[in-house]
Number of protein chains: 2
Amino acid sequence: MSLNDVSQKPYDRLAAWLAEDMAAVNALIAQRMASEHAPRIPLVATHLVEAGGKRLRPMLTLAAARLCGYEGDQHVKLAATVEFIHTATLLHDDVVDESQRRRGRPTANLLWDNKSSVLVGDYLFARSFQLMLETNSLRVMDILANASAVIAEGEVLQLTAAQDLATTEMIYLTVVRGKTAALFAAAVEVGAVIAGMPEHQVVALRDYGDALGIAFQIVDDLLDYGATDVAIGKNTGDDFRERKMTLPVIKAVKKADAKERAFWVRVIENGDQRQGDLEYANALMARHGAMEAARAEALDWAAKAQAALNVLPDHPLRGMLNDLAVYVVARIA
Amino acid sequence: MSLNDVSQKPYDRLAAWLAEDMAAVNALIAQRMASEHAPRIPLVATHLVEAGGKRLRPMLTLAAARLCGYEGDQHVKLAATVEFIHTATLLHDDVVDESQRRRGRPTANLLWDNKSSVLVGDYLFARSFQLMLETNSLRVMDILANASAVIAEGEVLQLTAAQDLATTEMIYLTVVRGKTAALFAAAVEVGAVIAGMPEHQVVALRDYGDALGIAFQIVDDLLDYGATDVAIGKNTGDDFRERKMTLPVIKAVKKADAKERAFWVRVIENGDQRQGDLEYANALMARHGAMEAARAEALDWAAKAQAALNVLPDHPLRGMLNDLAVYVVARIA
């Protein structure tokens with residue numbers, strides 16, 4: 001199963017419920033991507049924005065705001081802000097990872113060049129800040145600026161943790177919280193803040209986003225080792241090639257015997273990767289139950305996300321967010 | 001002459017007058033570059049920040065604020081914000097340009113990798129937004145967020161204008177206004193805004209920064225063709241190698257005969273560069289007086305910068321800013 005599978009109910013129910021808001025977000029994104037002087041900017045950005053991303057993060061902002069009874073229109077600006085930040089990080093990630101495919105299409109760095117990806121990413125970052133300023137809410141700006149810093153910090157930490165077999169599950173969690181969960185958490189938090197919710201409910205929604213983001217990223221990392229046969233729109237094996245220390249690898253390394261450890265040292269630390277190594281890595285992870293253990297952790301985080309929702313008002317959107325937590329893990333069912 | 005030449009009076013007088021403020025800016029920069037989780041961030045950023053950059057832009061912010069009679073401490077935050085934005089763009093520029101030297105030292109992308117330069121740049125951008133939020137001035141945030149967007153736009157435009165002999169002086173001016181003058185203008189404007197100056201004086205200072213930035217960049221582009229023998233801390237000939245359409249090239253191309261045009265097509269449009277081509281390009285620019293004409297334009301912009309200062313209060317700092325405008329052009333005297 002993948003996020004593209006139309007049989008997936010929670011995501012579709014959210015999309016249907018928020019369709020009008022989402023149309024406004026898409027219109028705003030198209031409008032603010034424009035550049036008077038540099039037509040390459042909308043060209044590059046549109047390639048990514050229109051490539052069928054599911055707009056999960058802006059949808060979380062809209063859902064949080066509406067669930068909190070918000071009736072204004074600032075949540076549309078915030079949702080677009082969140083999507084701009086996300087798109088900017090994707091453009092930069094693809095440069096950093098030297099990726100070739102994203103959302104089933106060639107990446108922008110491959111179609112144009114790394115330069116365009118770096119600079120258009122910078123432009124979208126700047127646009128995201130311009131957009132959030134329009135809300136006039138210093139608290140909202142603070143949340144999103146902090147998230148941007150934590151995202152970059154997580155990415156840098158991932159860079160230094162890669163190729164290092166000593167990377168612990170604790171370090172992995174810090175990386176994931178930064179590179180993924182920070183924006184999920186900020187996305188729902190700003191929705192609650194703009195709606196003027198009491199503090200404990202703002203915190204609950206932020207906790208939901210944090211746990212949902214962690215579950216989502218653990219599953220993403222599992223999918224990169226081919227946990228499913230369904231196309232996920234990017235190449236599997238990328239993390240292995242980039243020698244990233246993701247959760248299943250960390251778990252397999254922890255249980256490795258001397259011979260297995262020598263294998264991990266060669267492929268991850270020394271970067272000496274040969275034909276059949278990815279398959280052997282998969283076999284080692286299977287032997288030690290690393291995939292199942294990682295999936296169990298993703299389910300734990302999904303449960304934490306659901307538990308956080310308890311203090312929120314009874315609302316159809318609360319039910320959908322609840323189901324969404326299970327759904328992001330069910331991608332590898 | 002170069003900015004590093006201690007005999008240069010206007011810069012030194014500014015630095016001496018603002019020494020206490022500047023020490024506070026440097027302390028704030030060091031403090032905010034820190035990262036709890038990713039020690040590589042201060043490592044990379046410090047490499048660049050401590051490499052002896054002259055802190056010209058933050059100094060402009062401090063000078064503008066003090067010239068306007070400002071007595072608070074927000075200008076220190078704004079100056080640090082400006083330097084963070086500048087440092088982030090330098091890190092990304094070096095990736096885009098594949099540069100090897102900056103401020104007389106190997107670039108971060110060479111010492112670490114492109115990945116670190118991209119991500120640490122992103123971190124500094126995010127930090128700059130966190131810092132500007134602390135001023136609680138929406139107007140200041142708006143100016144700096146706009147400048148960030150215009151900078152990225154200018155860089156993308158430069159990318160698409162490179163290798164294109166049809167690039168006009170008008171396009172060059174748009175690029176320069178974006179990639180350089182936007183931050184000069186914002187740097188002085190926020191100083192005036194935080195000091196609560198009347199609108200016509202805010203505009204005057206912005207105009208000063210805009211014209212100063214344009215003069216500065218024209219001269220930078222001339223220096224890249226070896227207009228002086230003094231080391232400028234980066235390789236000369238970089239723009240030629242990157243096939244950038246800077247002002248002296250545009251002027252030489254405009255006056256080229258058929259044979260000369262064939263040369264420019266080969267080296268700039270086709271990128272077929274051979275031994276001796278840079279020297280021949282210099283000879284063609286000399287033949288058509290392209291360097292002198294470009295220098296004359298830089299002087300015109302310096303004069304515009306000076307004229308803008310007329311409506312500002314009489315103050316020793318006004319005199320220094322006035323002299324600074326001549327000084328940035330005198331680098332190629």
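This passage describes how chain A and chain B meet in a predicted model, and then turns to a few individual residues.

We may begin with how the two copies are arranged. Chain B is superposed on chain A by a rotation of 180 degrees, with 0.0 Å of shift along the axis and an RMSD of 0.0 Å. The two copies are thus related as by a two-fold rotation axis. A convenient landmark for finding this axis in chain B is Val118(B), whose C-alpha is the nearest to the axis in that chain, 3.6 Å from it. The symmetry can also be followed in the contact itself: 100% of the interface residues of chain B are interface residues in chain A as well, so the copies meet through the same surface.

The size of an interface is often given as the accessible area lost when the parts come together. Here, chain B and chain A bury about 3600 Å² between them, and 77% of this area is on carbon and sulfur atoms. On the side of chain B, the residues that lose the most area to chain A are Lys115(B), Leu119(B) and Glu153(B), which together account for 16% of what that side buries. The contact draws 40 residues from chain B and 40 residues from chain A.

Turning to polar interactions, the rule finds zero salt bridges across the interface of chain B and chain A. It does find six residue pairs in polar contact across the interface, counting pairs with both residues at pLDDT 80 or more. Four elements of chain B each give two or more residues to the side that touches chain A, namely helix H3 (40–49), helix H5 (74–97), helix H7 (114–133) and helix H8 (138–161). Of the elements in chain B, H8(B) gives the most to this side, with 14 residues. Sorted by class, the side of chain B that touches chain A has 20 nonpolar, 10 polar and 10 charged residues.

Gln130(B) offers a closer view of this contact. This residue lies in helix H7 of chain B, and it counts as buried because its relative accessibility of 13% is under the 20% cut-off. Its side chain makes a polar contact with the side chain of Asn146(A) at 2.3 Å. Within its own chain, the side chain of Gln130(B) makes a polar contact with that of Arg127(B) at 2.8 Å. Leaving aside residues up to four places away in sequence, Gln130(B) touches Ala145(A), Asn146(A) and Ala149(A).

Several loop residues are also worth a look. Gly196(B) lies in the loop between helix H9 (169–194) and helix H10 (199–223) of chain B, and at 58% relative accessibility it counts as exposed. Gly196(B) and Tyr70(B) are 126 residues apart in sequence, yet their C-alpha atoms are 8.2 Å apart in space.

Two arginines draw attention through their backbone. Most residues other than glycine have a negative phi. For Arg55(A), however, phi is positive, near 55 degrees. Arg55(A) sits in the loop between helix H3 (40–49) and helix H4 (56–67) of chain A, and is buried, with a relative accessible area of 12%. Arg243(B) also has a positive phi, near 60 degrees. Its place is in the loop between helix H11 (238–241) and helix H12 (247–254) of chain B, where Arg243(B) counts as buried at 18% relative accessibility.

Key: Residues numbered from 1 in each chain as written. Chains lettered and ligands numbered in written order. Predicted model: local features only at pLDDT ≥ 70, side-chain atom pairs only at ≥ 80, totals over all residues. Heavy atoms only, no water. Contact = heavy atoms within 4.5 Å. Buried area = accessible area lost by both parts, 1.4 Å probe. Salt bridge = Lys/Arg side-chain N within 4 Å of Asp/Glu carboxyl O. Polar contact = N/O pair within 3.5 Å; in protein donor to acceptor, adjacent residues only side chain to side chain. Nonpolar A, V, L, I, M, F, W, Y, C, P; charged D, E, K, R; others polar. Least-squares fit on C-alpha atoms with pLDDT ≥ 70 in both. Buried < 20%, exposed > 50% of the residue type's maximum accessible area, 1.4 Å probe, protein only.
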